[in-house]
Amino acid sequence: MNRIPPALGHLIPTTLAFFTPQSGGSPNANSIDSLYKVVLYVALVIFVLVEAALAYALWRFRARKGAVAAQIRGNTRLEIGWTLGAAVILLALAILTFVKLGSIQDPVNSGPEGANLTSDSGAPLYASADRKLPPNGKSLEIKVVGRQFVWEYVYPGANEPDGLGAPYSYEQMVVPTDTTVTLDIVSADVVHSWWIPQLGGKFQAVPGYHNYTWFKIEKPGVYRGQCALICGRGHARMIASVKAVPPAQFEAWLANQKQLIAEANAAAQASRAKLKGQIGAGQVENP
Amino acid sequence: MATYAAPVPQIVTSRAEPQSRRWTSWITTTDHKRIGIMYMVTTFVFFLLGGTEALMIRLQLGLPENTLVSPQIYNQLFTMHGTTMVFLFVVPMMAGLANYFLPLMIGARDMAYPRLNALSYWLLLAGGLVFYASIFWNPPEAGWTSYVPLSNATFSPGGGQDAWIYLVHLTGLSSILGAINFYATVANMRARGMSWGRLPLFIWAILTYSILIIVAMPVIAGAVTMLLTDRHFGTHFFDPNNGGSAILWQHLFWFFGHPEVYIMVLPGFGIVSEILPVFARKPIFGYKAIAASTVAIAFLGFLTWAHHMFTAPIPLAVVVFVAMSSFLIAVPTGVKIFNWIATLWEGTVEFKTPLLYCAGFISLFLIGGISGVFLAVFPVDWQVNETYFVVAHIHFVLMGGAVFTIFAAIYYWFPKMSGRMLSESLGKLSFWLMFVGFLGTFLIQHVLGLDGMPRRIYEYPNIGNWALYNLISTVGSFVLAAGILVTIVNVVRSLKHGAIAGPDPWKANTLEWFTTSPPPANNFDVIPVVRSAEPMKDIRREIERRTSGVPAPGVATVPAGATQVGV
């Protein structure tokens, strides 16, 4: 047999996945994964060498008849050597971290198949000075609001300057594929932590603060995650998911969502007016 | 039953008054040895309570979508477990060991402030009782980290959160008073000739532990006081709606919380540095490097706190600073591991139970140290922080690290405290159950975290291999518990039936073995002059020379250079 059987070929990535974080949804998650793998290989070598040295020392130098312990108190050269050795390895890992940091932290441009990120007036949908944007300044910005015990997502498209009328959804975020999505993470009550493992690292939602991250999804699909920081009794049920759909489908979904919200608001206004009339007519007691 | 060769030297303590045996004497005592035993027994009881909470957590997580406990009770369980293990077990257990052995190892007759020492113990007990009284009302449920706003009066109205605050105050005060006492004792009451370069490495570790406590504990005391006034007196230190900051709590908590990790493991490093040379029959390799790396770890430990906050909204400059200091702290930690292995190298290693626990400690702590480097690489931390990867990491450091060294200390020093040996066969059984059970419980949790399971969730859906991995972890935790139980049986059995130990059963290096087992109230009639870092070796050699190799049991032998010091 001079080729790997299909079953074994499948096994290799699975075994590696056993030891590595989730990735595959977004470039930043993939960059974290490749950085992690380098650390893993270095760590495995050190782990095997040190555990082997320990096991060898215990077995080789076990007490036997006639054996005499060498009365050695130290070896300055050896000690300086391994101190410097450890420092050099850690310095290399630190440098690697900073080399990789850009590809993890800085958003990339949307792809050609991505959503059209301009408003009717032709201006970019979002621009902000205190957070990172893609090089061309265009991204779909979604506000992520953590609250006990549900995630709320507010999409661009407000009718009024103060943000009213913007479409929103709960628990599941819908985004267009091939489009850079930047997230503005906030909290309405306690500290939560936003995390979809396949789309990159987690970031705390802290009341009074803004936290930012981004992702860009190539493949349509649903990516699962959940709140990662204890936020109360419903913490385990605070599920989050991101559904990536082609841009046209996203536009349709967003328009529909906006209409549904407008209808619901109108219905609420009508029933409020009706209730007010009933209170005025004495049919309902004023609470 | 194993018999031990007649030990030399034999001490007759003619001047000691017999200790009172009445139970009230335990309340009024200021004897550091009795206080040490009270510390150890009390903290071990809390260890069993915290362990029971851990087993209940593992039972709940053994199956997906399990309904054994409610979310409320689950949150209370992990809050009690974490708080108990940190504040009521590891830190005060180290204080207990130091209480008993610090004066003996430096050739002192008691601590510098014996009554303050008793107060430290009673404050600890009071803290534990206040905290555990909350189980009859509302136990706290915001986690041992008690992040605001979850722990404020709006989201945690129950009194359990206040019980947690009083626990931190009372045990913190206990630790600070104890630390001042340890420092004053070491600074002033060492035997003649015991210069800083001849101080046992366990004492170096306790000295550093004391400094860490004195610097870090007031910070958490201030933070919990601010939380208390926020909760009850209308201040808004941590309230984002009124000009306060939720991040401030995280900074203050971890400025204490990270040094706290070293407060828990540094004494363990000291214990290992005492035990390895005794059972390898070889001096410690690189005494100065180990003492220096202890101090270096303590210093750097104050610069790394924000690595617990890599996912919080903090500036990149802070992230970079603490990432670099976290890489840096791995260097002195690695140096210690190399020095310990070098101590075994070319020795004659006797596989007694204390040595087994130390070897187990090195192999497990190495894994905890390496996973710590993963966490210092902050983009990787963004993925694995707040998951079971971190749960595995802290348990490799605190259980594989601190708890295994505590068990090494129990097996090593029980003969001195009780006068009797622990059973070697039960000890080895206990070690292997604990070692295998520990790996079964925590190794797989790294994978759970990488697969996306956050910590502190009371239930999880049956996705991927989560159910299988959790089941493995739960089975492992019960093997681990069985191992701990074997040691308890061993201790209870050996108190009555263990072989008589004599003063120096291990032929050890430090001064606590230069007195009877258990030591008399005044510890030593005669305090020898110390000529090296291994005074007992010198004394044994001198006695051998004087008696031409024939030990004379039962005779008061005053070794060369011993000076009569007033009792």
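**Close-ups of a two-chain predicted model**

The structure, a predicted model, holds 4 cavities of 30 Å³ or more. The legends below take its empty spaces, then the chain contacts, then some backbone details.

**Figure 1. The largest cavity and the residues around it.** Start with the volume: the largest cavity comes out at about 100 Å³. Its lining is made of 15 residues, and the ones nearest the centre are V91(B), P92(B), T171(B), S174(B) and S175(B). Look for α3, α5 (160–188) and α6 (201–232) of chain B, since each of these helices supplies at least two lining residues. Sorted by class, the lining of this cavity has 10 nonpolar residues, 4 polar ones and 1 charged.

**Figure 2. The second largest pocket, with about 870 Å³ of space.** There are 26 residues lining this pocket, and I37(B), V41(B), M417(B), S418(B) and L495(B) are the closest to its centre. Four helices of chain B, α2 (32–61), α3 (71–105), α12 (388–418) and α14 (466–497), each put at least two residues into the lining. The largest share belongs to α2(B), with 8 residues. As for the chemistry of the pocket wall, count 19 nonpolar residues, 3 polar and 4 charged.

**Figure 3. Where chain B meets chain A.** On the chain B side 87 residues are in contact, and on the chain A side 77. Together the two chains bury about 7000 Å² between them, and carbon and sulfur atoms give 72% of that area. Which three residues of chain B supply more of the area it buries against chain A than any other three? They are W382(B), Q383(B) and L450(B), with 11%.

**Figure 4. Polar links across the interface, and the chain B elements behind the contact.** Between chain B and chain A there are 3 salt bridges. One to zoom in on joins E534(B) to R73(A), with the closest N and O atoms 3.1 Å apart. Across the same interface, 20 residue pairs are in polar contact, both partners being at pLDDT 80 or more. Plenty of chain B helices turn up on the side that touches chain A with at least two residues each, including α7 (246–280), α8 (287–301), α10 (353–376) and α13 (424–450). The most comes from α9(B), with 13 residues. That side of chain B splits into 59 nonpolar, 15 polar and 13 charged residues.

**Figure 5. A salt bridge within chain A, between K132(A) and D106(A).** Side chains of opposite charge can pair when their charged atoms come close. Over all chains, the whole structure has 17 salt bridges. In the one shown here, the side chains of K132(A) and D106(A) meet at 3.4 Å, N to O. Both residues sit in the loop between α3 (76–105) and β1 (140–147) of chain A, so the pair ties together parts that are 26 residues apart in sequence.

**Figure 6. Two cis peptide bonds, one ending at F149(A) and one at P518(B).** In chain A, the bond from Q148(A) to F149(A) is cis, with omega near -10 degrees. F149(A) belongs to the loop between β1 and β2 (150–154) of chain A. In chain B, the cis bond runs from S517(B) to P518(B), with omega near -10 degrees. Find P518(B) in the loop between α14 and β1 (526–527) of chain B.

**Figure 7. The backbone at E346(B).** What is the phi of E346(B)? It is positive, about 65 degrees, although E346(B) is not a glycine. The loop between α9 and α10 of chain B is where E346(B) is found.

Note on methods
Residues numbered from 1 in each chain as written. Chains lettered and ligands numbered in written order. Predicted model: local features only at pLDDT ≥ 70, side-chain atom pairs only at ≥ 80, totals over all residues. Heavy atoms only, no water. 1 Å grid on protein atoms, 1.4 Å probe; cavity = no way out; pocket = protein on both sides within 12 Å on 5 of 7 lines; lining within 4 Å. Points joined across faces, edges and corners; volume = space filled by probe spheres on them. Nonpolar A, V, L, I, M, F, W, Y, C, P; charged D, E, K, R; others polar. Contact = heavy atoms within 4.5 Å. Buried area = accessible area lost by both parts, 1.4 Å probe. Salt bridge = Lys/Arg side-chain N within 4 Å of Asp/Glu carboxyl O. Polar contact = N/O pair within 3.5 Å; in protein donor to acceptor, adjacent residues only side chain to side chain.
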